Each structure stands twice: as C-alpha cells, then as structure tokens.
Amino acid sequence: MHTESIELIAPAPGQSCRLQVLRFGVGHSARKAYIQAALHADEVPAMLTALRLKTLLQALEEQGQLLGEIVLVPSANPLGLSQHIHGQHHGRFSLSDGINFNRGFPELAASIAEHVRGRLCKDAQANQQIIRAALKTAADILPALTPTQDLKRRLLQLAIDADIVIDLHCDSDAVVHLYGLTPQAPALSQLGAQLGAQAILLATESGDSPFDEACSRPWLDLQRMIPDAEIPLACMSTTVELRGEADVSHELAHQDALALIGFLQMQGFIAGTAPEKAALCEPTPLSGSEPITAPSAGVIVFHRQSGEKVQAGDAIADIVNPASGDITTLRCASAGVLYARCSTRWAHAGKRLAKIAGTSLARTGKLLSP
Ligand SMILES: [Zn+2]
C-alpha cells in the first residue's frame with residue numbers, strides 16, 4: 001500500500017487540510033478502480049466501510065491477489081469534516097458558499113470534444129486512450145480558486161482515468177441504494193446484488209453533475225457529440241448510499257467491504273470468485289423516483305419504514321400542525337420501494353420526507369435531492 005497526502009488550499013493561515021490517498025496493486029495492470037468515501041463529510045457508514053476495505057485490501061495485496069490498481073480515499077472531504085454550527089455538524093454544503101459538495105462537478109466532455117474529434121477513429125481501444133489522456137489533462141488544468149473547488153478538482157484528478165469509480169455515501173434513514181448511468185445497468189446490478197441494494201436508480205443525466213457522473217458521463221456525452229467514432233463507455237461509475245447515517249456497526253462495515261471486494265473480483269481487479277448473491281431489486285429510472293414532500297410545516301409521523309414496498313395511494317406520513325391539531329396525510333402516487341426517509345421529525349414546507357423507487361412517474365429537470 002502506497003500512502004499519499006494531497007495538500008489542499010488552506011482554509012486560513014495557520015490551518016492545513018489534506019486528502020489521504022491509498023494505492024493498492026500499483027504497477028499490476030493498466031486497469032484502475034477508484035473508491036472514495038464520505039464526500040458529504042460526516043457519512044460515517046461510508047468511512048467505516050472504507051477503513052475495513054483498506055484492511056482487507058492490505059491483506060489481499062500481501063497475498064498477491066490484486067490484479068489491477070485500486071485507489072482508496074477513505075475520507076474524501078476534510079473541509080466538510082470541520083464544519084460545525086453551534087454543536088451541529090454540517091457536511092452536505094460548503095458553509096463558505098452554500099454549494100453542495102457533490103453537485104456542480106465540471107463536465108469535461110465539452111472541453112475536450114474539439115481537441116479529440118479529429119484524432120478518433122474506428123478503433124475503440126485507441127480512442128479510449130486518446131480520450132482518457134485528454135480528460136486527465138482537462139482535469140489537471142481546471143481552475144481552483146477556493147478550497148471547495150480545489151477539493152473537487154483533486155478528487156476528479158484521482159478518478160477521471162479509472163475504469164471503475166465507486167463513490168460511497170449514506171442517506172438520512174435508508175436501505176442500500178445506488179445511482180448510475182442507464183447503459184451501465186448490468187454492472188450496477190452486479191454491484192447492487194453484492195451489496196444487497198433495494199433500489200438501483202438510473203439516468204443518462206441527473207441534472208446536477210454529481211461526482212459519479214463527472215467521471216462516467218463524458219464518455220456518453222462524447223458518443224453523442226462524435227457519433228462517427230467508436231467510443232466505449234470506459235468508466236463505470238456509481239454513487240452508493242450505504243443505508244442511513246445511524247446504521248453504523250463493525251458488522252455492517254465488514255459486510256459492505258466484502259461486497260465491494262466481491263464486485264472487484266467480478267470486474268477482474270482481485271483474484272478469486274465472488275459469492276453468488278440474488279438481486280433484491282431490478283433497476284428503475286431515476287425519473288420515476290417519487291419524492292414525498294411536505295406541503296406545510298409540522299410534526300412528521302411516518303406510516304411506513306425504509307425498505308417497505310408500497311402501492312400507489314398508500315399513506316406514507318402525516319404532517320401534524322401542533323397549533324391547530326390538523327393532520328395532513330401524504331400519500332404516494334407510485335408503487336415501488338420506499339428507499340429513504342428523512343431522519344428528523346419536524347418538517348418545513350417543501351421538505352423532502354421520503355423517496356420511492358417507482359416506474360410510473362417521468363420527472364424531468366433536476367432529479368436528485370438539492
Ligand atoms: Zn452524500
């Protein structure tokens with residue numbers, strides 16, 4: 001295991017901020033898998049899983065079982081980890097500019113399309129090398145004026161030339177679920193089965209440029225921009241939500257790390273055969289994911305738990321007005337799996353209370369939570 005430390009732009013004089021990068025299997029092959037945890041800073045199930053994965057990968061490397069390079073960033077957001085207001089941690093948005101740490105990543109296809117257009121041919125393997133080199137250069141020269149921009153640029157630099165990118169997060173109160181690109185459903189289903197995912201949400205564009213899409217979607221965008229060249233989807237990337245923020249145990253971390261090892265075996269990065277696991281769900285379109293939104297402020301009383309299957313019209317939650325006693329019952333429009341709920345029990349008007357992976361809706365615009 002090679003350990004690197006990347007110094008980020010300092011938040012203030014006298015302070016320093018570093019990213020720890022662990023590399024396994026260096027020099028084994030040209031193939032690379034990149035795994036990071038907790039881009040939203042305090043996503044502790046993801047961090048604990050990454051730590052467990054580090055231990056397992058160290059042992060596998062000592063046994064000569066690694067067949068490709070695996071890069072692991074166990075805590076991907078040291079900036080966000082230091083953000084507190086009056087004793088409460090805030091890791092989702094940068095407090096300096098209000099921007100979500102996992103939105104607004106640079107979309108590199110447009111910046112390299114003209115550069116590579118005349119050099120591509122009918123040889124997919126040659127085109128992959130040309131595009132990958134151009135993406136890496138484009139990531140290297142991204143402007144970074146603030147610590148947040150610097151963090152995003154550094155993470156993208158580490159991942160942009162990988163064949164597999166796994167971005168480990170957690171939700172508020174949830175079952176395991178994945179996000180990824182629609183054409184990559186087969187590999188996402190393999191990973192989902194290993195992890196026991198109960199929802200796999202697919203889109204060709206979610207609308208807000210999260211990290212996983214910044215790595216994978218350039219290939220899809222370039223296929224569209226340069227249709228006469230043979231361009232492979234050379235990066236399979238996914239956001240993995242490892243249940244809810246309180247689902248933290250050594251047993252779960254070990255189970256999830258083993259599942260990631262199994263997927264890396266299936267993808268040829270680690271020797272050996274992954275255990276057979278039956279899929280718990282079929283992928284569904286992200287556009288069919290239904291947010292249950294509070295129409296007014298009040299106390300949230302849930303009728304259904306994360307992981308339950310629901311039917312169209314089922315009561316999901318009540319909003320109780322503590323002044324009048326009025327109760328508003330919120331029902332879902334679609335059938336599917338209730339895969340995530342908020343973890344607090346006070347709603348403001350417009351708050352997303354729960355999400356259902358269904359197939360009957362066709363939302364447009366920005367499909368992810370803010
Ligand atoms: Zn997250």
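Which domains does the domain assignment of the protein give? There are two entries, domain 1 (2–282) and domain 2 (285–358). Keep in mind that this is a predicted model. The close-ups below start in domain 1 and finish in domain 2.

**View A. Strand 3, wrapped up on both faces.** Here's strand 3, residues 32–37, and six of its six residues are buried, so the rest of the structure largely encloses it. Look at one side and you'll find Lys-32, Tyr-34 and Gln-36; the other side carries Ala-33, Ile-35 and Ala-37, and both faces are covered.

**View B. The partners of strand 3.** Strand 3 runs parallel to strand 4 (residues 69–73), and five bridges join them. To find your bearings on that side, pick out Gln-36, which sits opposite Val-73 of strand 4. Strand 7 (residues 164–171) also pairs with strand 3, again in the parallel sense and over five bridges. A handy marker here is Ile-35, whose bridge partner in strand 7 is Ile-166. Now bring in helix 1 (residues 44–62): together with strand 3 and strand 4 it makes a β-α-β unit, and a right-handed one.

**View C. Ile-35 and the largest nonpolar core.** Zoom in on Ile-35 and, leaving out residues up to four places away in sequence, you'll see it touching Ala-50, Leu-53, Ile-70, Leu-72, Ile-166, Leu-168 and Leu-260. Ile-35 belongs to the largest nonpolar core, a set of 101 residues. Which residues have the most contacts inside this core? They are Ile-35, Ile-70, Ala-159 and Leu-260. Domain 1 and domain 2 both give residues to this core, so it lies between them. As general background, nonpolar side chains in soluble globular proteins tend to be buried together.

**View D. Where domain 1 meets domain 2.** Taken over C-alpha atoms, the centres of the two domains are 30 Å apart. The contact draws 16 residues from domain 1 and 13 residues from domain 2. On the domain 1 side, strand 8 (173–174), strand 9 (177–181) and strand 10 (199–203) each chip in with at least two residues. Strand 10 gives the most to that side, with four residues. Sorted by class, the side of domain 1 that touches domain 2 has eight nonpolar, five polar and three charged residues.

**View E. Cys-332 in its loop.** If you're hunting for this cysteine, check the loop between strand 17 (327–331) and strand 18 (336–341). Is Cys-332 buried or exposed? Cys-332 is buried, because 24 other C-beta atoms lie within 10 Å, and the cut-off for buried is 20 or more. Setting aside neighbours within four places in sequence, Cys-332 is in contact with Glu-290, Ile-292, Val-310, Ala-312, Asp-314, Ile-316 and Ile-356. Gln-311 is 21 residues away along the chain, yet its C-alpha atom and that of Cys-332 are separated by 7.7 Å.

**View F. An open sheet of four strands.** The strands line up in the order 17-16-14-19, with antiparallel pairing. Strand 17 and strand 19 (346–347) stand at the edges with a single partner strand each, so one side of each has no neighbour in the sheet. Further in, strand 14 (residues 298–302) and strand 16 (residues 315–320) pair in the antiparallel sense over four bridges. For a landmark on this pair, find Val-301 and its bridge partner in strand 16, Asp-318.

How values were computed
Residues are numbered from 1 along each chain as its sequence is written. This is a predicted model: local features need pLDDT of at least 70, side-chain atom pairs count only at pLDDT 80 or more; totals for chains, interfaces and linings use all residues. A residue is buried if 20 or more other C-beta atoms lie within 10 Å of its own, exposed if 12 or fewer, and partly exposed in between; C-beta atoms are placed from the backbone. Two strands pair if DSSP finds at least two bridges between them. A crossover is right-handed if, with the strands pointing away from the viewer, the path from the first strand over the helix to the second runs clockwise. A nonpolar core is a set of buried Ala, Val, Leu, Ile, Met, Phe, Trp, Tyr and Cys residues joined through C-beta atoms within 7 Å. Domain bounds come from an automatic or database domain assignment. Two residues are in contact if their C-beta atoms, placed from the backbone, lie within 7 Å. Ala, Val, Leu, Ile, Met, Phe, Trp, Tyr, Cys and Pro count as nonpolar, Asp, Glu, Lys and Arg as charged, and the others, Gly among them, as polar.
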